[in-house]
Amino acid sequence: MSAVTAGPSETYLTNESSIASWFLTKDHKRIALLFFASVTAFFFIGGAAATLIRLNLINPAGNLLGADLYNRMFTMHGIVMVWFFLIPSIPTTLGNFLIPLMIGARDLAFPRLNLGSWYVFNISGILALYFIIAGGDDTGWTFYTPYSTLFSNSHVIAAAVAVFVNGFSTIMTALNFVVTIHRLRAPGMTWFRLPLFVWAIYATSLVMLLATPVLAMTLLLIALEHGFGIGIFDPNLGGDPLLFQHMFWFYSHPAVYIMILPAMGVASELIPCFARRPVFGYRGMTYALVAIAVVGFFVWGHHMFTSGMSVFAGIVFSFMSFIVAVPSAIKVFNWTATLHRGSISFDAPMLYALGFVGLFTIGGLTGLMLATLPIDIHVTDTYFVIAHFHYVMVGGTVSAFFGGLHYWWPKITGRLYPEMWARGAAILTFIGFNITFFPQFILGYLGMPRRYYSYAPDLQTWNVLSSAGASILAIAYLMPLFYLGWSLLWGPRANANPWRATGLEWRTSSPPPEHNFERTPVVTTPPYQYNPEDDSYVAQDGAANA
Amino acid sequence: MLLPYLISWLLLLLLLGLSVLTAYLPLGSFHPLANFGIAIVQATIVFAIFMRLREPPAIKRVFACAGFFWLTFLFGLGVIDYLTRAH
Amino acid sequence: MTWLPFWPPNASTTASTVDAITFGELALVILVLLLVFGMMFTFVIRYRRGSTADRSHRVAKTWYFEIGWTSATLIAFLVLFAFGAQAYLYLYKPPKADLELYVVGKQWMWKVQYPGGQREIDSLHLPLGKTVRVVLGSEDVIHSFYIPAFRVKHDVVPGTYETFWFKPTQLGDYQLECSEFCGTDHAKMIGTVHILSPTDYAKWLSNEGTEPTLAQQGAALFRQYGCSGCHSERSTIHAPLLNGLYGSYQHMADGRTVFADERYIRDCILLPASQRVAGYPPVMPSFAGQIPEDDLMKLVAYIQSLGAAKEAP
Amino acid sequence: MPNPRPEVQFATLEQQTEAAQLGMWVFLATEVLFFGALIFGYYVYRISYPDQFVLAGHDAKLLLGSINTAILVTSSLTMVAAIELVKRGEPSRAATMLFVTAMLGLAFLGVKGYEYFEDYQDHTVPLLSFVLKPREQPVVELFWMFYFVATGIHAIHLSIGIVAVLVLALHARHGRYSAAYYSPLEVLGLYWSFVDTVWLFLFAAIYPIGRA
């Protein structure tokens with residue numbers, strides 16, 4: 001199989017073993033694992049809320065949770081999943097682990113800042129747990145004022161502060177990535193030799209840096225208004241609740257791209273590797289990533305078409321929303337074309353990646369319908385929107401996250417995972433996901449508003465179908481916890497490059513040593529130099545079939 | 001070596017004087033524009049001289065501008081709504 | 001499309017427009033999905049590992065294709081945008097209204113006032129085939145007035161008025177919902193829209209209509225809140241007369257010209273600072289927080305009625 | 001004082017210095033958006049209520065605001081002077097300059113505190129002592145809320161800066177920096193001048209408002 005010589009016997013996992021060596025580590029790979037633990041915990045907390053939501057909606061009367069508890073549940077689901085899972089998910093775990101490895105660096109530029117980011121994340125996580133345990137927040141993750149500021153009696157301040165603090169963690173990590181990618185690339189690693197995952201994380205980091213501060217200010221004002229009555233948005237003083245919405249969505253729409261861009265990066269690594277051919281249109285893919293990151297800032301108003309924003313602004317934002325869909329479309333076509341004349345195998349990461357492309361396409365196309373003004377007026381704030389963004393964020397981002405986790409699992413842990421179980425989980429995810437969320441498109445067009453704990457009885461069929469799908473999805477998401485856990489202890493040892501892939505991360509041992517490389521690699525080759533005809537490949541440091 | 005700093009310090013104080021002066025001029029709705037414009041000139045001096053943006057590497061100029069550039073997105077697209085609200 | 005089990009009833013002119021656009025777009029979406037999924041399936045089967053398919057001569061000049069599908073999608077998207085924007089403008093340019101409704105959203109109910117003075121809660125009775133214009137106000141938080149069968153929705157924002165219109169085309173009862181989260185019983189902020197034939201509607205009105213009209217109630221409030229103390233010919237204070245104000249263009253002290261609609265009148269009462277008419281001193285006090293939303297709407301209806309009749313009552 | 005060695009992830013000390021500076025610039029870009037969002041809100045309301053914001057601005061203390069602007073601009077000068085002195089190999093004089101910088105920062109806070117006190121006596125402090133003057137309408141309170149939130153957050157930033165400058169001044173006194181190594185000073189200098197810049201924009205928004 002692999003000709004890479006076995007690395008040093010001391011890996012980043014075994015070089016030190018005290019508890020302090022983990023909690024005070026400056027090694028980006030260990031910090032990635034710390035983040036992985038935190039993020040996984042929040043994924044299951046948010047998932048528990050989702051389970052209760054779907055259980056409640058089996059019955060049109062919604063009497064399992066009742067109004068108040070249900071409102072707290074979907075708020076908790078939204079806040080936890082958005083800020084404590086989706087946004088940090090791929091960047092802080094796979095990104096943290098892989099960016100230095102992929103660019104041939106020994107660590108991130110600011111290792112202490114990286115560790116600090118994890119601690120700040122956990123402080124914000126504790127605040128989040130506090131507001132949940134203390135009785136929850138019932139504003140929805142969008143914190144719309146004046147409900148959140150003048151009317152809600154729930155723990156709005158704690159929730160807002162939790163998200164505010166979380167933003168510091170986001171910014172610290174993003175800043176680290178940007179400086180690292182600018183300053184620590186190995187010799188020969190030019191911008192257009194960077195793997196697309198690095199490009200994606202770079203674009204994501206830019207969005208994080210430039211959007212998160214606006215959210216921080218907005219939530220600060222919400223907390224000040226709720227806590228002290230400093231009513232910047234108070235309509236009784238002449239304040240404008242729509243100003244809040246502008247500021248909130250200036251962050252929260254780009255935040256969607258924070259969630260999806262890293263997933264696109266993962267898919268762009270996986271698809272060429274398992275199709276054994278170079279990615280179709282590498283340059284176009286990089287331009288599309290940057291275009292999405294920039295134009296993504298011009299479209300926030302499409303969340304406000306019915307809000308009372310001016311008609312003219314509505315038309316401008318609708319236009320921009322169509323424009324931002326163009327680079328996404330290019331990416332879908334390029335991934336599809338990457339399959340052309342490849343030599344495709346169907347390992348679990350590839351199944352997840354193909355699922356990602358399919359589900360993201362459906363999510364993106366329904367996004368076009370939402371960008372169309374008259375359709376949006378009918379379906380905004382209904383389950384149509386819920387279905388749309390779950391297709392993008394869950395079908396897209398979570399699928400890619402699982403795909404990437406399987407793909408780099410041997411590199412991270414030095415163990416192989418059980419392939420058949422993983423393929424089963426991938427297929428089950430795809431099936432369960434569609435049964436859960438496709439009916440919600442129909443519910444939405446039928447006019448079921450979001451955030452309703454009870455609904456008209458004639459909509460029950462679709463809701464029960466959705467809940468049934470959710471139970472399949474839950475199983476599919478729990479499965480990896482068990483078989484990956486098993487692989488940690490008993491999985492067969494992985495060699496340095498089990499997928500015969502071209503990135504620099506595969507040019508060091510699995511798991512890598514503390515400072516990643518024995519010698520700083522010198523890059524001579526563009527990424528993805530696979531050849532499907534004779535099944536050969538050239539790694540980025542020029543080694544052939546290594 | 002200190003001379004450029006001293007000159008820009010004097011310039012900044014002069015601009016401060018100018019800004020105070022505008023308070024007493026009948027500029028009407030150009031008032032916020034005038035003050036904001038003076039602040040931009042002052043900020044440019046501080047960034048270029050005190051924060052040594054004129055020195056390489058160029059990449060720091062990119063990030064120094066990026067923040068302000070992105071802010072124009074918020075101002076530009078946000079203000080569209082307020083200038084075209086129904087009445 | 002009522003034969004589809006998952007299609008909502010189509011009961012207004014707006015609904016037909018929206019459905020037509022939805023169908024067009026849905027057809028395009030399905031076409032693109034078939035294209036992408038078809039290509040993916042063909043490729044993964046044909047070029048699966050170990051198949052004998054030819055793998056040489058892979059596309060070298062990828063940018064030919066990329067420019068191709070970039071321009072194709074861009075053009076398609078611009079067409080979609082144009083259709084959508086045109087329909088949006090149509091939906092926001094109300095035709096002459098046959099009937100004006102005043103609706104106040106309040107946690108967690110809809111309070112409806114008819115021009116004839118009739119009032120309802122969580123229920124609307126409307127005549128078939130008449131253009132209805134709705135003025136929306138909120139007493140507390142943001143709500144959203146949504147009738148799925150009409151495909152119309154508009155947020156109700158505290159501190160201002162929003163207006164929109166629709167024209168029912170089918171008899172029957174339809175669900176009215178709040179679609180912007182507004183607190184505990186958001187899901188119970190629902191009601192029914194009854195579309196009646198014009199004769200049934202007239203019958204319903206006369207059964208309900210024992211009160212004075214909305215404008216008459218407003219006229220009483222106009223005296224009660226002291227508005228008539230300044231806004232009348234006999235007043236010594238230099239305040240504008242309100243006859244013919246509604247629906248006219250007003251010149252502001254800061255040089256703007258604004259159209260005097262419901263929202264303008266509301267702002268003048270609550271935030272006179274922002275709406276000072278040229279030639280008048282800024283002496284009007286703000287009535288913010290002193291007039292409940294229902295009363296405010298009656299006042300607006302009264303001032304509106306002055307616009308129609310050129311004589312002072 | 002021997003030159004410190006670069007950290008393990010850097011090849012050279014120069015690379016490390018550049019990375020630190022770039023990091024600060026990236027951070028400042030986020031700060032631009034942070035304050036920018038607040039200033040955006042301010043100008044949105046100023047467009048919506050031009051007359052009332054002018055009325056409210058009459059009560060802003062133009063003289064105190066101008067004095068404070070001059071203090072901060074001067075502190076930027078002393079900050080760069082400190083950096084220049086280290087470059088010339090005079091770290092102890094640089095330490096003195098840093099102390100002067102910190103004192104100017106404290107002076108700003110002192111004047112600001114006195115201004116808040118005058119605002120309190122003038123009844124322009126929302127929630128604590130607020131009275132609408134003749135012709136003023138409730139939106140005036142929005143102006144003052146912006147004023148306190150903006151100047152408050154700026155003061156927090158400045159306080160962080162003062163503490164950091166004092167720490168570096170002690171370091172400089174103990175000979176931590178030399179003509180060959182003064183990267184932390186340069187990075188802090190960026191932050192300090194940026195906080196001044198924020199104040200320049202706040203000053204433009206709050207103080208020089210129609211007194212014609």
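**Helix packing and chain contacts in a predicted model**

Student: Which residues of α2(C) are met by C:Thr14, C:Thr17, C:Ile21 and C:Glu25 in α1(C)?

Tutor: This is a predicted model; local features need pLDDT of at least 70, side-chain atom pairs count only at pLDDT 80 or more, and totals for chains, interfaces and linings use all residues. Residues are numbered from 1 along each chain as its sequence is written, while chains are lettered from A and ligands numbered from 1 in the order in which they are written. Contact means C-beta atoms, placed from the backbone, within 7 Å. The α2(C) partners are C:Leu80, C:Phe83, C:Gly84, C:Ala87 and C:Leu91.

Student: How do the residues of that α1(C)–α2(C) contact divide by class?

Tutor: Ala, Val, Leu, Ile, Met, Phe, Trp, Tyr, Cys and Pro count as nonpolar, Asp, Glu, Lys and Arg as charged, and the others, Gly among them, as polar. The split is 5 nonpolar, 3 polar and 1 charged.

Student: Are α1(C) and α2(C) roughly parallel or antiparallel?

Tutor: Helices are DSSP runs of H or I, at least four residues, and strands are runs of E, at least two, numbered from the N terminus. Helix α1 (13–46) and helix α2 (62–92) of chain C pack at about 175°, axes 11 Å apart. Axes are lines fitted to C-alpha atoms over the stretch in contact, and angles run from 0 to 180 degrees between N-to-C directions. Angles under 35 degrees count as roughly parallel and over 145 as roughly antiparallel, so α1(C) and α2(C) are roughly antiparallel.

Student: Which helix gives the most to the side of chain A that touches chain C?

Tutor: Here 69 residues of chain A are in contact with 70 residues of chain C. Helices that each supply at least two residues include α3 (66–103), α8 (241–275) and α14 (419–446) of chain A. The most, 14 residues, comes from α10(A).

Student: Why is chain A as compact as a globular protein of that length?

Tutor: Chain A has 15 helices and 2 strands. The globule rule is 2.2 Å times the number of residues to the power 0.38, and the radius of gyration is taken over C-alpha atoms. For 546 residues the rule gives 24 Å, so chain A is as compact as such a protein, with a radius of gyration of 23 Å.

Student: What share of the residues in chain D is buried?

Tutor: Buried means 20 or more other C-beta atoms, placed from the backbone, within 10 Å of a residue's own. Chain D has 6 helices and 2 strands. Of its 212 residues, the buried share is 56%.

Technical notes: Two residues are in contact if their C-beta atoms, placed from the backbone, lie within 7 Å. A residue is buried if 20 or more other C-beta atoms lie within 10 Å of its own, exposed if 12 or fewer, and partly exposed in between; C-beta atoms are placed from the backbone. Angles under 35 degrees count as roughly parallel, over 145 as roughly antiparallel, 65 to 115 as roughly perpendicular and the rest as oblique.
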